[in-house]
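Visitor: Pick one spot in this model and take me right up to it, please. Once I've got my bearings there, show me how the rest of the chain is laid out around it.

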Amino acid sequence: MNEIRVIVYGTEDYEKMVSLRNDVLRVPLGLSFTRDYLEKDQDVILLGCFKKETMVGCCMLRQKDLTTFQLQQMAVKDDVQGQGIGTEIVRFAEKLVKDQGGLQMFMHARKYAVPFYEKLGYKISGGEFEEVTIPHLKMYKNID
């Protein structure tokens with residue numbers, strides 16, 4: 001059984017999260033985080049998914065206005081992908097958003113991840129664009 005919990009910025013769990021995000025999302029693109037970029041993490045809800053005490057997945061939620069939240073930096077360890085961890089994280093995030101009065105979630109999904117989000121009810125909004133050197137699509141879902 002996995003445990004998903006809110007992570008506090010600057011803690012040991014936060015450092016695990018940065019490491020996972022870097023390994024899954026940045027290193028494959030030849031990119032890395034800057035200190036200035038990571039300082040913005042203080043302004044978001046940080047979620048980590050743990051199998052025992054090992055972080056196996058994570059994401060961030062940035063509140064854009066009173067009822068809209070952006071899912072960002074979704075990452076699942078390569079060796080456990082396809083086991084439903086990403087789905088668990090997104091469902092947890094949706095419940096958290098709903099509990100905080102949110103009505104909609106959206107994300108800039110990497111093009112290869114679009115089918116994953118579509119299975120969870122997200123819809124494409126607009127055309128393809130480039131972000132962190134690769135194609136993305138904006139996707140959204142009304143939370144009910």
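**A close look at Tyr37**

Guide: Let's start at Tyr37, which is partly exposed, with a relative accessible area of 29%. Keep in mind that this is a predicted model. Tyr37 falls in that middle class because 29% lies between the 20% limit for buried and the 50% limit for exposed. As for where the residue sits, helix 2 runs over 35–39, so put your cursor on that stretch.

Now for the company Tyr37 keeps. Searching the whole structure turns up four aromatic pairs. One of them joins Phe33 and Tyr37: the ring centres are 5.5 Å apart and the planes make an angle of 20°. That makes it a stacked pair, because planes under 30 degrees apart count as stacked. Phe33 is buried, at 15% relative accessible area, whereas Tyr37 is partly exposed. So this pair brings together a buried ring and a partly exposed one.

Tyr37 has another partner too. Arg26 lies over the face of the Tyr37 ring, 5.2 Å from its centre. That puts Phe33 and Arg26 on your list of things to display around Tyr37. While you're hunting for charges over rings, look at Arg5 as well: its charged end sits over the ring of Phe50, at 3.7 Å from the ring centre.

For contrast with the stacked pair, jump to Tyr117 and Tyr122. These two pair edge-to-face, with 6.1 Å between centres and 80° between the planes. That label applies because planes over 60 degrees apart count as edge-to-face. Both partners are buried: Tyr117 has a relative accessible area of 6%, and Tyr122 has 2%. Add Phe116 and you have one aromatic cluster, made of Phe116, Tyr117 and Tyr122.

Tyr117 also leads us to the largest pocket, which has a volume of about 770 Å³. The pocket is lined by 31 residues, and Tyr117 is among the closest to its centre, along with Leu25, Met74, Ala75 and Ala113. Several elements give two or more residues to that lining: helix 1 (12–26), strand 4 (68–76), helix 3 (85–99), strand 5 (104–110) and helix 4 (114–119). Strand 4 contributes the most, with seven residues. Sorted by class, the lining has 16 nonpolar, eleven polar and four charged residues.

Let's step back to the whole chain. The protein chain has four helices and eight strands, and along the sequence they come in the order β-α-α-β-β-β-α-β-α-β-β-β. Its C-alpha trace spans about 35 × 35 × 30 Å along the principal axes. The radius of gyration is 14 Å, which agrees with a compact globule, because a globule of 144 residues would come out near 15 Å. Of those 144 residues, 46% count as buried.

A few lysines are handy landmarks. Going on from helix 2 you reach Lys40, in the loop between helix 2 and strand 2; it is partly exposed, at 46%. Lys98 lies in helix 3 and is also partly exposed, with 45% relative accessibility. The C-alpha atoms of Lys40 and Lys98 are 23 Å apart, with their positions 58 residues apart along the chain. From Lys98 to Val18 the C-alpha separation is 26 Å, and along the chain they are 80 residues apart.

Last stop, the backbone. Most residues other than glycine have a negative phi. Lys52 is not a glycine, yet it has a positive phi of about 60°. Lys52 belongs to the loop between strand 2 (45–51) and strand 3 (54–63), and it is exposed, with a relative accessible area of 74%. Thr133 is also not a glycine and has a positive phi, of about 75°. You'll find Thr133 in the loop between strand 7 (129–131) and strand 8 (134–142); at 49%, it counts as partly exposed, because exposed would need over 50%.

How values were computed. Residues numbered from 1 in each chain as written. Predicted model: local features only at pLDDT ≥ 70, side-chain atom pairs only at ≥ 80, totals over all residues. Heavy atoms only, no water. Phe/Tyr/Trp six-rings, centres within 6.5 Å; stacked < 30°, edge-to-face > 60°. Buried < 20%, exposed > 50% of the residue type's maximum accessible area, 1.4 Å probe, protein only. Lys NZ or Arg CZ within 6 Å of the ring centre and 35° of its normal. 1 Å grid on protein atoms, 1.4 Å probe; cavity = no way out; pocket = protein on both sides within 12 Å on 5 of 7 lines; lining within 4 Å. Points joined across faces, edges and corners; volume = space filled by probe spheres on them. Nonpolar A, V, L, I, M, F, W, Y, C, P; charged D, E, K, R; others polar. Rg over C-alpha atoms; globule rule 2.2 N^0.38 Å.
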